Amino acid sequence: MLLDDRGVAERVLEHIDRKTTDLGDTVWREPVENYRSQARFDAELSLLRRSPVAFCPSAALAEPGAYVARESAGVPIVAVRGEDGVVRAFRNVCRHRGMAVAKDGRGCAKAFVCGYHGWTYGLDGRLRFVPDEEGFPGLEKAGHGLVPVRADERGGVVFVTCEGGGDASLLEHLPELIGPDNELYGDGEGVQDVNWKITLEGSIEGYHIRATHPETFLPYGFDNLNLVETFGPHSRVTYPFKRINKLREVAPQQRDVMGLVTFVYHIFPNALLTVLSSHTNLVVLDPVAPDRTRTFSYRMTNACGEEALAKARRDAEFVGNTGGAEDRAVIQAIQRGLASGANDAFTFGHFEKAIVHLHQTLTAALAAQ
């Protein structure tokens with residue numbers, strides 16, 4: 001179980017007083033070759049296709065007909081909320097000649113109509129209409145629906161499994177991550193010439209705050225003072241702000257840490273959910289090559305209404321243009337250094353507990369394939 005607000009506040013205040021932080025009990029050495037090897041990348045991509053991976057927030061599919069279409073681990077997928085309120089996912093491929101039936105991005109539709117020949121599919125994936133159907137004698141519509149893939153909706157996040165039934169146990173430990181007050185107000189897509197794990201690692205440890213963010217995050221927060229909780233294959237890292245000290249004057253049972261900490265959830269294997277002061281951001285890291293990653297981000301408010309939306313936009317702009325930009329520069333520099341031969345392995349110590357948990361879990365999952 002993850003700590004509640006009272007538990008988070010108590011542990012953070014203890015760390016402040018003692019000048020300590022949460023520690024892991026293992027040092028991990030990850031071979032640099034695991035960031036460069038095509039064979040390792042292929043194995044990771046296979047794992048992502050066979051595992052339930054975060055696809056989008058439920059807020060992106062708020063109404064019947066709302067859909068998100070994009071690739072996941074190299075597979076074109078469309079996820080849609082049906083008229084019955086259930087989220088379903090399909091391979092975004094027409095059964096006639098292989099054209100995509102939904103344009104990449106977000107939208108809302110009553111049916112999916114292939115832009116090549118007009119074959120039409122319902123929100124449930126069934127083939128509904130074939131123009132000039134007499135030209136296809138013997139065609140059984142029931143056997144030519146969109147190919148389904150497994151879709152799960154847990155904790156405000158939609159997960160898809162591109163191949164096979166997936167390991168549902170990966171989702172058993174998830175808490176409520178995104179609630180009804182988290183309204184989607186924007187999304188984006190980008191490409192980084194960086195291995196996906198380097199990007200992930202940069203978000204789940206606070207050992208780098210003083211050196212990397214001396215004028216952006218450090219004035220408001222702490223260097224190397226974090227809570228690190230693991231739950232199943234996932235983890236949560238808490239980054240407290242200095243203003244959390246004002247909770248010393250609040251009765252423990254009444255302590256509310258919203259706005260006083262940043263939570264970063266690693267949703268195994270390849271997604272990050274960041275809950276900041278005024279906005280929440282879901283980022284899915286979609287590996288393209290050992291040195292290339294496509295990122296999909298979904299930005300949400302932390303409350304309903306116009307005032308919450310204005311705060312969310314300001315919060316996101318500050319984070320993205322300051323500490324976020326600094327983090328991007330660091331991971332790009334790490335990627336450039338991979339081929340230098342300086343390191344056979346990267347050493348992750350006791351301050352990097354969540355990264356160690358990532359590599360332990362990923363290594364075990366790959367071995368089990």
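## Exercises on a predicted model

In strand β19, the residue F348 serves as the bridge partner of W28, and the exercises below start from this pair in what is a predicted model.

**Exercise 1.** Determine which side chains of strand β1 are buried, and how many bridges join β1 to β19.

*Solution.* Begin with the pairing: β1 and β19, the latter covering residues 345-348, run antiparallel and are joined by four bridges. Next, follow the side chains along β1, which covers residues 28-31: W28 and E30 point to one face and are buried, while R29 and P31 point to the other and are not. Buried here stands for under 20% relative accessible area. The general expectation is that side chains in a regular strand alternate between the two faces of the sheet. Finally, return to the bridge partners, where W28, one of the buried residues of β1, is matched with F348.

**Exercise 2.** Describe the largest pocket by its volume, its lining and the element that gives the largest share of that lining.

*Solution.* The volume comes to about 1400 Å³. The lining is made of 45 residues, and those nearest the centre of the pocket are F217, L276, V319, G324 and D327. Two or more residues of this lining come from each of several elements, including the strands β17 (279-289) and β18 (292-301) and the helices α6 (306-321) and α7 (323-337). The largest share, six residues, belongs to α6. Sorted by class, the lining holds 18 nonpolar, 20 polar and seven charged residues.

**Exercise 3.** Give the same kind of account for the second largest pocket, with its volume and the classes of its lining residues.

*Solution.* The space in this second largest pocket is about 360 Å³. Its lining has 19 residues, with L177, M258, F263, Y265 and V275 lying nearest the centre. At least two lining residues are supplied by α1 (5-18), and at least two by β15. By class, the second largest pocket is lined by nine nonpolar, five polar and five charged residues.

**Exercise 4.** Identify which members of the largest nonpolar core touch the most other members, and trace the contacts of I244.

*Solution.* The largest nonpolar core has 53 residues, and C56, L61, I77, L177, I244, I267 and L273 touch the most other members. The largest share of this core, five residues, comes from α1. Leaving aside residues up to four places away in sequence, I244 touches V12, L13, I16, L260 and V261. Apart from this core lies another, of 30 residues, among them Y35, L170, F268 and L362. As a last step, compare the lists: L177 is named in the largest nonpolar core, and L177 is also named among the residues nearest the centre of the second largest pocket.

Note on methods:
Residues are numbered from 1 along each chain as its sequence is written. This is a predicted model: local features need pLDDT of at least 70, side-chain atom pairs count only at pLDDT 80 or more; totals for chains, interfaces and linings use all residues. Side-chain values use heavy atoms; hydrogens and water are left out. Buried means under 20% relative accessible area, exposed over 50%, partly exposed in between (1.4 Å probe, protein chains only). Two strands pair if DSSP finds at least two bridges between them. On a 1 Å grid over the protein atoms alone, a cavity is a set of points where a 1.4 Å probe fits but cannot get out, and a pocket is an open set with protein on both sides within 12 Å along at least five of seven lines; lining residues have an atom within 4 Å of a point. Grid points are joined across faces, edges and corners, and a volume is the space filled by probe spheres set on the points. Ala, Val, Leu, Ile, Met, Phe, Trp, Tyr, Cys and Pro count as nonpolar, Asp, Glu, Lys and Arg as charged, and the others, Gly among them, as polar. A nonpolar core is a set of buried Ala, Val, Leu, Ile, Met, Phe, Trp, Tyr and Cys residues joined through side-chain atoms within 4.5 Å. Contact means heavy atoms within 4.5 Å.
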